[in-house]
Amino acid sequence: MVGVGVLQELLKTHRPFDSFYIYDLKVLTQAYEEWKRAFPAVTPYYAVKCNPDPVLVKHLAKLGASFDCATPAEFNLVLELGVDPERIIYANPCKLPQDIRLARKQKIKRTTFDSVCELQKIALEGGMEVLLRIRADDPKARCNLGNKYGAEEEDWPQLVETASRLGLDIVGVSFHVGSMASSAEAFVDALAKARRAVALLKRNHFNPWIIDIGGGFSSTNVFDLGPLPSMINSAITNFGREFKFIAEPGRYFAEHVATLVTPVMGRKGNGITISESLYGAFNCIVFDHASPEFDVLDAKGPLEPMTIFGSTCDGGDVIAKQALLPSSISVGNWIVWPRMGAYTSAATTRFNGIEFDKRLKIYLP
């Protein structure tokens, strides 16, 4: 988290009147360097959906990252920053035909699929190199994706036959074990499954050379991935040297970069209201099952359990029901929320006309 001294100075120099973010780009550099150390053979394709902040994306591009984009808005953002289309994978297994057309026009070569329907759309729009997305779940992941994406193993033969008949080139296999994955074994099992998919592709005269191990990487302690790197690095040695390994980390890069600072705008009994919301940055509680941590600036007194309400007129806009807060907390105090860079600002709304998506951002070099 950004130090108290730095926060106090920023409050003096910038004089913010509402919630704001602090982006520490040094943390982003550290995360990227640690990724390259932990996974020397796995190229990171940052998942832009996690946080599409242009400064963050540009910094990652300068560091050498590639990009996982799921929509035209995402790949256009990356392209506008001068990134070569070769460094983009259109990692969305279900796309609008016109979006496939636009990706081809923008010279993006590769995309993912997990259905016959998707192969037909891609072929009708002129074709792209494709990766077969297989289903491989970590049942303990915070957010499961297998209920929506990934082809079941019994469906692989039909998909491979369809791609061959349509003249599409399957260049690799991809999977995603789930957001906030907690099991290194899930990645190892998924890689074993990917090897079976590769064998099927080769029997059907394809020459796959990309293995996309997806996302799901996170760390409570900054950048510490535990046994995950050694287990994944060991598992990928089972593939031939002709394979390129990529991943789609989002949270791992973005989570620790941003700190959110929110003002207390009201107190009533044992409840306070802050100028943020479940409809704003704290959508992460609803959609990402997050439990944000916090510190309070300049409030004193014994800690008491209080409710923290969001700023909208929705009675369900409750950020925390039993938060321990200093008894003197009131209007004018600021609450500091670390690790608010991933899946927060990316999914805000404008409910009640509040521009949650236009918060001030302060970038530390």
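**Working through a predicted model**

Arg-15 sits in the loop between α1 (4-14) and β1 (20-24). The model is a predicted one, so let's see what can be read from it.

**Exercise 1.** Find what is unusual about the backbone of Arg-15, and look for a second case at Asp-298.

*Solution.* Start with the background: most residues other than glycine have a negative phi. Now check Arg-15: its phi is positive, about 45°, and it is not a glycine. Next, its surroundings: Arg-15 is exposed, with a relative accessible area of 67%. Then turn to Asp-298, another non-glycine residue with a positive phi, this one near 65°. Asp-298 belongs to the loop between β12 (295-297) and β13 (303-309), and it is exposed too, at 57% relative accessible area.

**Exercise 2.** Work out whether the buried residues of helix α3 line one face, and say what they pack against.

*Solution.* First, pick out the buried residues: in α3 (residues 54-63) they include Leu-56, Val-57, Leu-60 and Ala-61. Second, look down the helix axis: the buried residues fall within an arc of 135°, so they line one face of α3. Third, list the partners: these residues pack against β1, α2 (25-38), β2 (42-47), β3 (66-69), α4 (72-80) and α10 (251-254). Finally, have a look at the two ends. At the start of α3, a side-chain oxygen of Asp-53 comes to within 3.1 Å of the backbone nitrogen of Val-55. Just after the helix, Gly-64 has a positive phi of about 115°.

**Exercise 3.** Decide whether Phe-245 is buried or exposed, then name the residues it touches beyond its sequence neighbours.

*Solution.* Locate it first: Phe-245 is part of strand β9 (residues 244-247). Its relative accessible area is 6%, and buried means under 20%, so Phe-245 is buried. Leaving out residues up to four places away in sequence, Phe-245 touches Ala-41, Val-42, Thr-43, Leu-191, Ile-211, Ile-236 and Phe-239. For one more distance, take Val-171: it is 74 residues away along the chain, and the two C-alpha atoms are 12 Å apart.

**Exercise 4.** Count the disulfides in the whole structure and check how Cys-117 fits in.

*Solution.* Recall that a disulfide is a covalent bond between the sulfur atoms of two cysteines. A search of the whole structure turns up zero. For Cys-117, the nearest cysteine sulfur belongs to Cys-94 and lies 6.3 Å away; the cut-off is 2.5 Å, so that pair doesn't qualify. As for accessibility, Cys-117 is partly exposed at 45%, while Cys-284 is buried at 3%.

Conventions
Residues are numbered from 1 along each chain as its sequence is written. This is a predicted model: local features need pLDDT of at least 70, side-chain atom pairs count only at pLDDT 80 or more; totals for chains, interfaces and linings use all residues. Side-chain values use heavy atoms; hydrogens and water are left out. Buried means under 20% relative accessible area, exposed over 50%, partly exposed in between (1.4 Å probe, protein chains only). Helices (H or I, at least four residues) and strands (E, at least two) are DSSP runs, numbered from the N terminus. Contact means heavy atoms within 4.5 Å. The arc is that of the directions from the helix axis to the C-beta atoms. A polar contact is a pair of N or O atoms within 3.5 Å; within protein, one must be able to donate a hydrogen and the other to accept it, and residues adjacent in sequence count only if both atoms are side-chain atoms.
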